[in-house]
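Please open the structure in your viewer and keep the selection panel at hand. The tour below proceeds from one selection to the next and states what is to be found at each stop.

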Amino acid sequence: MNKGTAGTPSPDTDTSASDAPASEWKIRAESVKEAFLHTYNGYETYAPFPSDELQPLGNKGIQNFNGWGVTMVDALDTMLLMDLTDQYTRAVAHVASIDFSMPPGIFGSFFETVIRYLGGLLSAYALSNEPIMLARAIELGEKLLPAFGTPSGLPASGVNPKTGDISGFSNVLLAEMASCQMEYKYLAHITGRKEFFTAADKVMDVMANTQDPNVYMWPTTFSTTNGRSIGSTFTVGSLADSAYEYLLKQYLMSNKTETHLAELYVSSMNGILSNLVYLSPTRNLLYVTDSYYSMPIYPTRNFEHLSCFFPGLLALGVSTLPESLLPPAMRQLHMWAAEGIAHTCWIMYADAESGLGAEAVTFDNGWAGKPEKWVESVEKWEKAGKKGGKPPGVMGPEEGKPMKGSKGKDYAINKNTYLLRPETLESMYIMYRTTGESKWRNRGWRIWEAIVAKTKTDSGFATVVSVDTEDPVRQESLPSYFLAETVKYAYLLAIDSDPFPVSEFVFNTEAHPFPIFQWRDWEREKWGMK
Ligand code: DMJ
């Protein structure tokens, strides 16, 4: 029995006022490590390399991400973090033997291959200095480069690493095109090879030239033929998410030198806060949503689990950006939004009968019209004398309690699954590490307890349906990001000191830590860096 996770989870308890002693956190960290081992043993036993993922009910392997052992590669740095030497040693041998090929006519997802495989190899290299990790990362980076061979230079959605053929019907999603820069730039830096830098950085030029002048965001789809946006909606969730994340993170990874990207980050965050953030009608829950295409923007009120990385991103920006890029009033607004939305992300779990957050909900403002934008509510609150010290949507200690039952919650679940996703734990971790407030650590821990109680199987963990019931039904799926991200964030929350402080590391969107580095003068000059 995992000591730290025994018993029924009680995610509906607001534990913000209490904290466990250090000895208890030690036990909790050990229990997360046991959860990793339980799952990885299941993978090694029933879905051995090069299986991609374990099917956690039937105890079989499945090839769903190129057939190169994605669970193993995605989990390399978690093994290093947890000092799992035996597992890592076996994995090194597997990495050496991966056959990065694919039959002609088959295409791997450029985005997934970059964030999971390339990101996994690169961070394993950064943490272990193991030469084979770098050798395989270089090989994979080269094999994926043909993706950029479109007329616009935007990467194609799919690529065959053996033939170099590309696919994707001339369209690419915002997240797909703008979430390869950390990986390719770090690869460029450690190899000294310009082609890795220029291919990825060209996408940033397109971003700079296509930011919508009204809302300071980017639509979700682009043409790889002419480099223009063709999407019709704005969102920070699915299809877009990590594009916004990588703007800040490239700046941080380059030791705060790629300032033009930080500027794009700040203006786009302001655009999101001004256009996509709303309050629920009675509970004052702050949420970020998507827009139907219309000017001015009309909110769908859809709120996705995927968007729960957003409060953590805002908090990371607040804790790292200098005043010249994020002046005090703006910084305060970003932090309020981070606090308010992180609270709502936690509430999604704490409200649910299972203790697990739904994949997506729809907020109902109770009237047919357009809800008031949060920034307008903040303005009114300021004009009225800043009652209570915190604006609407940012909860004081006695506010914003979880609720059970189907009535009065201000939202209805529209996708009733929990897919073992990491975003809320990620934000709890960043909120805790950047603010030092233990309520985020405690809330994250309650979430982790619910995950263990409701999704564990004999061989691993499983995605579930019906999070609004006490006993959600387990499904035949265990995505590789569970070991790469969800388990890693739970562990990082539980251990005492952070091995990846924001002053030294930046995570890619698959939670692979990359070290912060300084571009050398010759790189800046020869590669024509801004
Ligand atoms: C992960 O693969 C990455 O975090 C990605 O950016 C989007 N979400 C999934 C996990 O939910």
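Begin by selecting Asp364 together with Pro281, Asp410 and Tyr411: leaving aside neighbours within four places in sequence, these three are the residues with which Asp364 is in contact, contact meaning heavy atoms within 4.5 Å. The model is a predicted one, in which local features need pLDDT of at least 70 and side-chain atom pairs count only at pLDDT 80 or more, while totals for chains, interfaces and linings use all residues. Residues are numbered from 1 along each chain as its sequence is written, and side-chain values use heavy atoms, with hydrogens and water left out.

**Asp364 and its loop**

Asp364 belongs to the loop between S13 and helix H14 (374-383). Helices (H or I, at least four residues) and strands (E, at least two) are DSSP runs, numbered from the N terminus. With a relative accessible area of 46%, Asp364 is partly exposed; buried means under 20% relative accessible area, exposed over 50%, and partly exposed in between, for a 1.4 Å probe and protein chains only. Next, add Met335 to the selection: Met335 and Asp364 are 29 residues apart in sequence, and their C-alpha atoms are 25 Å apart in space.

**The sheet S12-S13-S14**

Now display the strands S12, S13 and S14, which form an open sheet in that order with antiparallel pairing. Two strands pair if DSSP finds at least two bridges between them. Strands of a sheet pair through backbone hydrogen bonds, either parallel or antiparallel.

Which strands stand at the edges? They are S12 (302-304) and S14 (411-415); each has a single partner strand, so one side of each is left without a neighbour in the sheet. From one strand to the next, the twist averages 30 degrees. Axes are lines fitted to C-alpha atoms, for helices over the stretch in contact, and angles run from 0 to 180 degrees between N-to-C directions.

Select S13 (residues 360-363), which is joined to S12 by three bridges. Glu304 stands opposite Ala360 in S13. On the S14 side, four bridges join S13 to S14, and Ala360 stands opposite Lys415 in S14.

**Helix H13 and the nonpolar core**

Add helix H13 (residues 328-351), which packs on the sheet and touches S12, S13 and S14. The direction of H13 makes about 85 degrees with that of S12.

Then select Tyr184 and Trp448, which touch the most other members of the largest nonpolar core, a set of 174 residues. A nonpolar core is a set of buried Ala, Val, Leu, Ile, Met, Phe, Trp, Tyr and Cys residues joined through side-chain atoms within 4.5 Å. H13 supplies the largest share of this core, 13 residues.

**The ligand**

Centre the view on the ligand. The residues around the ligand are Ile115, Arg116, Leu306, Arg421, Pro422, Glu423, Tyr481, Glu485, Thr509 and Glu510, each with a heavy atom within 4 Å of the ligand. How far is an oxygen atom of the ligand from an N or O atom in the side chain of Glu423? The distance is 2.6 Å. For the side chain of Glu485, the corresponding distance to a ligand oxygen atom is 3.1 Å. A polar side-chain atom of Glu510 lies 2.6 Å from an oxygen atom of the ligand.

**Two residues with positive phi**

Move to Ala511, in the loop between strand S18 (505-507) and strand S19 (513-515). Ala511 has a positive phi of about 65 degrees although it is not a glycine, and its relative accessible area of 0% makes it buried.

Select Asn59 next, in the loop between S1 and strand S2 (60-62). Asn59 is likewise not a glycine, yet has a positive phi of about 55 degrees; at 24% relative accessibility, Asn59 is partly exposed.

**A cis peptide bond and a buried serine**

Select Phe49 and Pro50, whose connecting peptide bond is cis, with omega near 5 degrees. Pro50 is found in the loop between helix H1 (22-46) and strand S1 (53-55).

Finish at Ser254, in the loop between helix H10 (241-253) and helix H11 (259-275). Is Ser254 buried or exposed? At 1% relative accessibility, Ser254 counts as buried. The Ser254 side chain reaches the backbone oxygen of Tyr251 at 3.0 Å. Leaving aside neighbours within four places in sequence, Ser254 is in contact with Phe517 and Trp519.

Methods: Polar contact = N/O pair within 3.5 Å; in protein donor to acceptor, adjacent residues only side chain to side chain.
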